[in-house]
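Colleague: I am new to this structure. Please take one part and walk me through it closely.

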Amino acid sequence: MATIRKEQRILCFKIVYCGTALSGKTSNLKLVHSKLDPSGRSELVSMATAADRTLFFDFLSVETSAMPGYRTLFQLYTVPGQVTYNATMQMVLKQADGIVFVADSQMDRQRDNLQSWQNLEANLRLNGSSIDQLPVVLQYNKRDLPNAAPVEYLEFLLNNRTKRYVSFEADARQGRNVLATLNTVSQMVLNQFHDRMLRERIDLESDEPGQPAPESRTERNQPQVEEQEPSLVA
Ligand SMILES: Nc1nc2c(ncn2[C@@H]2O[C@H](COP(=O)(O)OP(=O)(O)O)[C@@H](O)[C@H]2O)c(=O)[nH]1
Ligand SMILES: [Mg+2]
């Protein structure tokens, strides 16, 4: 749920990177961190330890000028996808504005992808939200590996609904389609926020104190995004 801080002229959106262990979620954030100018992003905070790398989340805040007169922050989180870490997952997923699901393309990880997807759906439901109400982008990561399953197979497994999600083939280590993924989900989140502003007559210019905006139920088509631009939505 977007946070509006009118006094400071700040808008915050939360984007959560989900997916099974080792699918490449942290690599996505590392790449974004390395590509963006330090003036437009925070430091990358990784809570994971060497012993248990998926126990906690990573966090990175990215600033854009997407909304005139406001600093617009996209706060990126990663969250472990295993059932064992449901508490962390639910906490991080709370009030998410958009989801990136990072799937591991390797053939032997498909069961884990599916389980992680189902777990995501269940946790959103438990939070009173739903995967159908949120902007979602699928990222088929590790396309560079020789044992990557065909994209058609991944689509069949994870993207088989009437309303298909946008999906990207990626290599998070090299950076292929990492920024495109982020750009797309950010644009979808902004579109949804614009819809909500119109529908609920949220006025960013008025001097009334900012309130967290109520959750939206609208979805919009996503825009086409240029590949690998080292900047976020403008
Ligand atoms: N070959 C290859 N390795 C990747 C890719 N993305 C991530 N990795 C590697 O996979 C491992 C797990 O990545 P990480 O980002 O920590 O996964 P997380 O558990 O989802 O956060 C690391 O060794 C990464 O370097 C990719 O696209 N291709
Ligand atoms: Mg990680």
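Modeller: Here is a close look at helix H1, followed by its surroundings.

Keep in mind that this is a predicted model. Start with the overall plan. The protein has 5 helices and 8 strands. From the N terminus, the order is β-β-α-β-β-β-α-β-α-β-α-β-α. Of the 234 residues in the protein, 41% are buried. Now take the contacts between residues at least 6 apart in sequence. Of these, 72% join residues at least 24 apart.

Now to H1 itself. Helix H1 spans residues 25-35 and gives the most to the shell around ligand 1, with 3 residues. That shell holds 17 residues. The closest to ligand 1 are Gly24, Lys25, Thr26, Ser27 and Ala172. By class, the shell around ligand 1 has 8 polar, 5 charged and 4 nonpolar residues.

H1 also has a buried side. Its buried residues are Lys25, Thr26, Ser27, Asn28, Leu29, Leu31 and Val32. What do the buried residues of H1 pack against? Their partners include five strands by name: S2 (10-18), S3 (45-46), S4 (58-64), S5 (71-78) and S6 (98-104). Helix H5 (178-199) is a partner as well.

Two of those partners lead on to loops. S6 is one. Between H2 and S6 runs a loop, and Gln95 sits in it. Gln95 is not a glycine, yet its phi is positive, at about 60°. Most residues other than glycine have a negative phi. Is Gln95 buried or exposed? Gln95 has 16 other C-beta atoms within 10 Å, so it is partly exposed.

H5 is the other. Asn177 lies in the loop between strand S8 (166-169) and H5. Asn177 is not a glycine either, and its phi is positive, about 65°. Asn177 has 24 C-beta neighbours inside 10 Å and therefore counts as buried; the cut-off for buried is 20 or more.

Last, follow the chain back from Gln95 to H2. Helix H2 (residues 86-93) packs with helix H3 (residues 110-126). Two packed helices are described by the angle between their axes and the distance between the axes. For H2 and H3, the angle is about 60° and the axes are 10 Å apart. The two helices are therefore oblique to each other. The crossing of H2 past H3 is right-handed. On the H2 side, the contact uses Asn86, Met89, Gln90 and Leu93. On the H3 side, it uses Asn123, Leu124 and Leu126. By class, this contact has 4 nonpolar and 3 polar residues, with no charged ones.

Note on methods. Residues numbered from 1 in each chain as written. Chains lettered and ligands numbered in written order. Predicted model: local features only at pLDDT ≥ 70, side-chain atom pairs only at ≥ 80, totals over all residues. Near = placed C-beta within 6 Å. Helix = DSSP H or I, 4+ residues; strand = E, 2+ residues; numbered from the N terminus. Nonpolar A, V, L, I, M, F, W, Y, C, P; charged D, E, K, R; others polar. Axes fitted to C-alpha atoms, helices over the stretch in contact; angles between N-to-C directions. Parallel < 35°, antiparallel > 145°, perpendicular 65-115°, else oblique. Left-handed = near helix turned anticlockwise from the far one by under 90°. Contact = placed C-beta atoms within 7 Å. Buried ≥ 20, exposed ≤ 12 C-beta atoms within 10 Å, placed from the backbone.
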